[in-house]
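Please take some time with the sequence and the structure shown below, and keep both in view while you read. The paragraphs that follow go from the broad layout to single residues.

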Amino acid sequence: MISRRDFFKILLGALFTPLLGGILFTLPRKKVVRPPGAVKEDLFLKICIRCGLCIEACFKEGRGTLEPCGILDGIALIGTPKVNPLRAPCEALYGKCEGKLPCVKACPTGALKWVEPHEIKIGSVEWYPRRCIAVLRGGCLVCAEVCPVPGAIVPKGRIPTFNSNKCIGCGRCVTACPAHPKALKLTPKGERRAS
Amino acid sequence: MKISTLIKINVLTVIILIIFYLTLNIIDIAKGSYCIFLLSEIPFICPIGLLQRPDLIKASTYSMLIGLAITLILIIVLGRVFCGWLCPIGILIRFTNKKARSSEHSSILACFISLITLFFVSWTLGYPVFCLICPIGIVSRIIISAVSGIFDIWGIIWGAIIFLLIMAMFTDWCDGICPLGALQTLLSFMKIVRIKVNDNCIKCNACMKACPLRLKIYQKRKTDQMKCIVCLRCIAICPAKALKLTLHHPSSSNRNK
């Protein structure tokens with residue numbers, strides 16, 4: 001027979017992993033920019049097996065913009081892929097990966113689904129005028145120069161204006177922004193998820 | 001063979017597996033690591049990872065099921081060989097924790113409770129809860145990040161936190177608390193690779209002291225055989241040469257002998 005002490009020891013051990021994991025899932029989490037073709041965030045967290053194959057494919061066949069989420073993004077997101085424009089821009093549209101989407105092809109679980117090029121919109125950029133060189137000193141329009149989407153960044157006079165409806169969130173402008181700290185930030189605002 | 005040699009071989013097998021994953025990923029023959037391993041389009045998904053995700057099971061393809069079936073058959077035939085020889089966390093735990101809890105009651109109850117609660121919590125919440133704290137998954141992602149030219153510093157920090165937590169709370173992580181170990185224990189009820197005791201046994205308990213899980217193989221209990229990780233240390237230390245690794249025929253009548 002099992003003594004009561006042993007039984008509670010066994011019970012504590014057995015309940016430890018599921019309960020700790022369950023508690024960690026309820027902790028606050030950030031909104032990160034997902035790779036193109038990601039299903040809705042809720043379903044994404046349920047299906048993504050956090051294997052990192054999309055990150056590997058992005059490095060090998062794409063530009064290498066994807067990286068795994070860390071603790072700072074929220075513990076519930078650990079290991080899931082996010083787009084980091086500080087590494088490289090996402091070239092799912094107008095660039096290296098157009099019509100190929102290696103991250104989507106690499107996904108073994110269907111958390112990333114094939115999307116037609118014109119439907120890709122992984123987020124949009126946010127502009128911080130107080131850091132922007134064009135506002136502070138003038139002469140810089142790098143973001144407008146590198147932007148591949150017609151009408152997303154339009155220079156008005158000597159200052160860029162941002163149209164978040166047209167922006168697809170590729171992050172080229174964030175990568176190129178010479179200000180320090182960057183005057184542009186990629187956010188998942190306005191993202192279009194695969195159904 | 002000495003125990004120290006066995007430990008060295010164990011370290012070597014883990015390192016070889018990790019190098020194997022790294023090179024296969026770099027030269028693009030196969031992809032993936034511990035979490036999922038893609039071998040010519042057949043994905044071998046971690047069974048715990050798959051079973052925690054009802055939405056993934058609904059959407060699973062035939063190749064995924066073939067991979068799962070092969071994995072389960074391997075576990076049923078070989079038992080917990082993965083735990084004994086390929087798990088990167090098991091080897092770390094056995095290094096840092098020399099005094100494992102002596103499990104007087106080698107019960108598989110813990111495995112049942114652990115798995116049932118895990119699946120209950122993850123199916124009701126809808127989220128794969130163990131994957132957040134899975135130390136093997138963290139190692140797997142560090143490998144994949146290294147292949148992708150990323151030094152996964154947050155993965156390493158999180159891995160260290162989880163590992164210290166495990167070490168502080170449990171001396172018997174491998175003994176039914178780790179869901180992967182629990183699943184493999186429950187599946188190895190009819191495993192073929194077994195350690196058998198013959199009449200030379202002098203009941204000196206040396207095998208129990210050498211066993212990382214403190215199993216009493218000489219008592220010929222089935223639960224001990226199921227929990228055995230086939231690390232072979234008991235065979236190496238037995239002074240009477242009473243233990244032997246044998247292939248157990250599933251239909252043989254004299255079980256556990």
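Into which domains is chain B divided? In this predicted model, chain B consists of domain 1, which covers 3–186, and domain 2, which covers 191–247. If you take the C-alpha centre of each of these two domains of chain B, the centres lie 24 Å apart. The contact between them draws on 29 residues from domain 1 of chain B and 22 residues from domain 2 of chain B. Together the two domains of chain B bury about 2,100 Å² between them, and 59% of that area is on carbon and sulfur atoms. One salt bridge is found across the interface of domain 1 and domain 2 of chain B. To see a pairing of this kind, look for B:Lys227 and B:Asp175, whose side chains meet in a salt bridge with an N to O distance of 2.5 Å.

From here, turn to the place where the two chains meet. The contact between chain B and chain A involves 50 residues from chain B and 51 residues from chain A. The area buried between chain B and chain A is about 4,400 Å², and carbon and sulfur atoms give 75% of it. Between these two chains the count is one salt bridge, and you can find A:Lys60 and B:Asp28 joined in a salt bridge at 3.1 Å, N to O.

A:Lys60 deserves a second look, for its side chain also meets that of A:Glu56 in a salt bridge, at 2.6 Å from N to O. Why are A:Lys60 and A:Glu56 separated by about one helical turn? Both belong to helix 3 (residues 53–61) of chain A, and because they are four residues apart there, about one helical turn separates them. An α-helix has 3.6 residues a turn, so residues three or four places apart point the same way. The two partners differ in their cover: A:Lys60 counts as partly exposed at 25% relative accessibility, whereas A:Glu56, at 1%, counts as buried.

Over all chains, the structure holds twelve salt bridges. Side chains of opposite charge can pair when their charged atoms come close. One of the pairs in chain A is made by A:Arg34 and A:Glu41, which meet at 2.8 Å, N to O; A:Arg34 is buried, with a relative accessible area of 1%, while A:Glu41 is partly exposed at 26%. In another pair, A:Lys82 forms a salt bridge with A:Asp73, and their closest N and O atoms are 3.0 Å apart. Here A:Lys82 is buried with a relative accessible area of 15%, and A:Asp73 is buried as well, at 7%. Elsewhere, salt bridges that share partners link A:Arg34, A:Glu41, A:Glu191 and A:Arg193 into one network.

Next, compare covered and open parts of chain B. Helix 12 (residues 179–187) of chain B is mostly covered, with nine of its nine residues buried; among them are B:Pro179, B:Gln184 and B:Leu187. B:Leu187 is also one of the residues touched by B:Ile76, whose other contacts beyond four places in sequence include B:Met190, B:Lys191 and B:Ile192. B:Ile76 itself sits in helix 4 (residues 62–78) of chain B and is partly exposed, with a relative accessible area of 23%. Although B:Ile76 and B:Val193 are 117 residues apart in sequence, they are 9.7 Å apart in space, C-alpha to C-alpha.

On the surface, A:Leu72 joins B:Phe151, B:Ile153, B:Trp154, B:Ile156, B:Ile157 and B:Ile161 in a nonpolar patch that has about 650 Å² of accessible area together. B:Trp154 belongs to helix 10 (residues 153–169) of chain B, and it is partly exposed at a relative accessible area of 35%.

Finally, some backbone details are worth finding. Most residues other than glycine have a negative phi, and most peptide bonds are trans. A:His180 and A:Pro181, however, are joined by a cis peptide bond with omega of about 0 degrees, and A:Pro181 lies in the loop between helix 7 (172–176) and strand 6 (184–187) of chain A. B:Lys220, which is not a glycine, has a positive phi of about 60 degrees, and its place is the loop between helix 13 (206–210) and helix 14 (222–227) of chain B. B:Leu232 is not a glycine either and has a positive phi of about 70 degrees; this residue is found in the loop between helix 14 and helix 15 (233–237) of chain B.

Note on methods
Residues numbered from 1 in each chain as written. Chains lettered and ligands numbered in written order. Predicted model: local features only at pLDDT ≥ 70, side-chain atom pairs only at ≥ 80, totals over all residues. Heavy atoms only, no water. Patch = residues over 30% accessible without salt bridge, like charges linked within 9 Å, V, L, I, M, F, W, Y side chains within 5 Å. Areas by Shrake-Rupley, 256 points an atom, 1.4 Å probe, with all protein chains shown as cover. Salt bridge = Lys/Arg side-chain N within 4 Å of Asp/Glu carboxyl O. Helix = DSSP H or I, 4+ residues; strand = E, 2+ residues; numbered from the N terminus. Buried < 20%, exposed > 50% of the residue type's maximum accessible area, 1.4 Å probe, protein only. Domains from an automatic or database assignment. Contact = heavy atoms within 4.5 Å. Buried area = accessible area lost by both parts, 1.4 Å probe.
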